[in-house]
Amino acid sequence: MIKVWTDAAEAGLLDRHAERGSTFAYLPGTAAARAVSLTMPVRLESWSVPFGLPPIFEMNLPEGVLRERLRLAFAKATGTFDDFDLLSIVGRSQVGRIRYTGDREQLNEDVPFQSVDEILERKRGGGLFRYLLEKFASFSGISGVQPKILLRDEKAFADMEQTGHRLSQSYKGATHIVKLWEPGEYPQLAANEYFCLTVARKCGLDVPPYRLAEDGMALVIDRFDLRMDGTYCGFVDFCVLNARRTDEKYRGSYETSVMKRFGQFANSTHVRDDMEKLLTLIALNCALHNGDAHLKNFGIVYDDVQGEARLAPVYDLVTTSVYLPKDSLALTLNGTTQWPSAKDLRKFGETRTGATPAKVRSILERIHEAIQDTAREVRSYIKQHPEFEELGQRMLQEWEKGSATSLRS
């Protein structure tokens, strides 16, 4: 049995149920503000699913390399290794406000220290990948097929003080996300994402601070859910908002599963601005030829489960077509997964956000200008890093094709 915590307070108990399912029950007297999700309010009746875990508890489970690493390390001890086992391992360190412990344990994150500067500066080659996985795998409750780990930077506290902020010295959780790649699988993935995030930032979208390692082997990103007092914002991805499991993340449309769903759950005085940002992000994914903009790669954040909900900052933005030349949209738009034309996106923006034709055209133009500006940075990076030239040139070609089709046609 697993104890579920929200905002560092006990909220309820999660247990296996029937042959392959699970059930969650709130503890007696749990306040409405302790709800685990916008989609699962506090109630007397249990929340049960016939297979796996409810979407909110599955949301941060590692996939791919990290999951396999943990399976190999723990399967012998547990005898099995399903989602319930995985959650019991990585549950104490997660993205967002939910944590998990044994039913008789107290909450204690205690993520090990690790210098971010060391990751950014030292050229450790494949050794960095193995070292970080071994040290931080069991502290990394973060979803994604590509390897990501959560760590606590030794200098984060001092760096924040220099900017006028102060993170509590008693804070024991992770401060950064480190994204890695294996050269034989997705070459230069960190630099790929670095420049895609740069385009997003130049478009005026909210992007957490991010840095690329000198050797291009890792991308370090500040957590966007961490507050200065050591508490966390709530975070929910669109798989959860659509009541879908992770393996259903490619099911749905941008019209209904993203835009309409956001309109149903968004709750703030900034809804119109956030709708514009969401439209910008969807169009940007099309222009950059990111075929992995699925339901888990959009999210909302909130300080109070009963309060305002805003669009989450941008994350997991990559030009996937350099690895998968025939890649297409992750979800449907206008009934198809083909890259949309500018006309399609203009119609999408006008009908789904209520924006004027002039406003939508200005959004597409802003994306085009951001891509052009970032392309110059890519060319400069190529001159300094010849190992990036092949992939960098292909990225520029994909951006040019994406812009021509989705922004300028």
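Q: How much of strand E7 (residues 176-180) is buried, and why does that leave it largely enclosed by the rest of the structure?
A: This is a predicted model, where local features need pLDDT of at least 70, side-chain atom pairs count only at pLDDT 80 or more, and totals for chains, interfaces and linings use all residues. Residues are numbered from 1 along each chain as its sequence is written, and side-chain values use heavy atoms, with hydrogens and water left out. Buried means under 20% relative accessible area, with exposed over 50% and partly exposed in between (1.4 Å probe, protein chains only). E7 is largely enclosed because its buried residues number five of the five.

Q: Which residues point each way from E7?
A: Strands are DSSP E runs of at least two residues and helices H or I runs of at least four, both numbered from the N terminus. The E7 side chains split into two groups, and all of these residues are buried. One way go His176, Val178 and Leu180; the other way go Ile177 and Lys179.

Q: Which residue of E9 stands opposite Leu180?
A: E7 has partners to sort through first, and strands pair if DSSP finds at least two bridges between them. Strand E6 (residues 148-151) runs antiparallel to E7 with four bridges, and Leu151 sits opposite His176 there. Strand E9 (residues 218-222) is also antiparallel to E7, with five bridges. In E9, the residue opposite Leu180 is Ala218.

Q: In what order do the strands of the three-stranded open sheet come?
A: The pairing in this sheet is antiparallel. Its edge strands, each pairing on one side only, are E10 (234-237) and E12 (309-311). E10 is joined by four bridges to E11 (residues 299-302), with Gly234 opposite Tyr302. That gives the order E10-E11-E12.

Q: At what angle do helices H7 and H12 pack?
A: Contact (heavy atoms within 4.5 Å) involves Phe195 and Val199 of H7, among others, and residues of H12 including Ile371 and Tyr381. Their axes, lines fitted to C-alpha atoms over the stretch in contact, give angles from 0 to 180 degrees between N-to-C directions. The axes of H7 (residues 189-202) and H12 lie 9 Å apart, at an angle of about 145°.

Q: Which helix gives the most to the largest nonpolar core?
A: A nonpolar core is a set of buried Ala, Val, Leu, Ile, Met, Phe, Trp, Tyr and Cys residues joined through side-chain atoms within 4.5 Å. This one has 127 residues, and Phe57, Tyr254 and Trp399 touch the most other members. With ten residues, the top contributor is helix H12.
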